[in-house]
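Reader: Got a minute to go through a model with me? Let's start with the strands and see where we end up.

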Amino acid sequence: MPRAARIDLRTFQQELALRLATKTAAQVESSRLGLLCAGTRWLVRLSDAGEVVALPHIVSVPMTRPWFLGVANIRGNLYSVIDFAAFLGAEAVAAAATTRLLLFGARACELNAGIVVQRVLGLRNVAELAPASVPADAHEWFAQRWLDDEGNAWQEIDLAKLARAPAFLQVGT
């Protein structure tokens, strides 16, 4: 069986840049990053997400809420790390191979912050999803709710509103 040719990092980056350049603004705008956390499927606008990284070493901060895990050094910058499931009132995310830290992008807010999620589910195109009604008791940072072909609900998060939410900003006990 022939072995697949190896692609070096530079070639991969060039090919990826070329593919991204061919996308139209509408295609990029309709793309969302899918996440799984606290048994719920979440969507985040790509323009609001900074990046997704493996769970780094986190230094705890005393006298903070249980969902505030502490701070992490990401390439020389300190980021506040929030356990998103615990913030929602669910059981805390257990560290696993699939656990990821979603960093907020500069467009979403000026906070160096990130939320820990159980798993990244990949890209979703909202053009392929059906709009659904947002629950009446929804948080102010909930955006559109969607349903996929299999009837799974996806809740979109407005990261800018989440970053400004009083509950999110009150990390001290």
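Reader: Which residue stands opposite Arg100 in strand 7?

Author: Val117 does. Strands here are DSSP runs of E with at least two residues, helices are runs of H or I with at least four, and both are numbered from the N terminus.

Reader: Before we go on, what sort of model is this?

Author: It's a predicted model, where local features need pLDDT of at least 70 and side-chain atom pairs count only at pLDDT 80 or more, while totals for chains, interfaces and linings use all residues. Residues are numbered from 1 along each chain as its sequence is written, and side-chain values use heavy atoms, with hydrogens and water left out.

Reader: OK, back to strand 6. How many bridges join it to strand 7?

Author: Four, and strands 6 and 7 (residues 113-117) run antiparallel. Two strands pair if DSSP finds at least two bridges between them. Strand 6 also pairs with strand 3 (residues 49-54), again in the antiparallel sense, over five bridges. Over there, Val52 stands opposite Leu102.

Reader: Is strand 6 mostly covered or mostly open?

Author: Mostly covered: four of the five residues in strand 6 (residues 100-104) are buried. Buried means under 20% relative accessible area, exposed over 50% and partly exposed in between, with a 1.4 Å probe and protein chains only.

Reader: Switching to cysteines. How many disulfides?

Author: Zero, taking a disulfide as two cysteine sulfur atoms within 2.5 Å. Cys37 is in none, and the nearest cysteine sulfur, that of Cys109, is 18 Å away.

Reader: Why no bond for Cys109?

Author: Because its closest cysteine sulfur, in Cys37, is 18 Å off, too far for a bond. Cys109 is buried at 12% relative accessible area, and Cys37 is buried too, at 0%.

Reader: And aromatics, how many pairs?

Author: Nine. Rings of Phe, Tyr and Trp (its six-membered ring) pair if their centres lie within 6.5 Å; planes under 30 degrees apart are stacked, over 60 edge-to-face, the rest tilted. Phe87 and Trp141 make a tilted pair, 6.2 Å centre to centre with 40 degrees between the planes.

Reader: Where do those two sit in the chain?

Author: Phe87 is in helix 3 (residues 84-87) and Trp141 is in the loop between strand 9 (130-132) and strand 10 (142-147), 54 residues apart, so the pair links distant parts of the chain. Phe87 is buried at 15% relative accessibility, and Trp141 at 1%.

Reader: Which cluster are they in?

Author: One aromatic cluster made up of Trp42, Trp67, Phe84, Phe87, Phe104, Trp141, Phe142 and Phe168.
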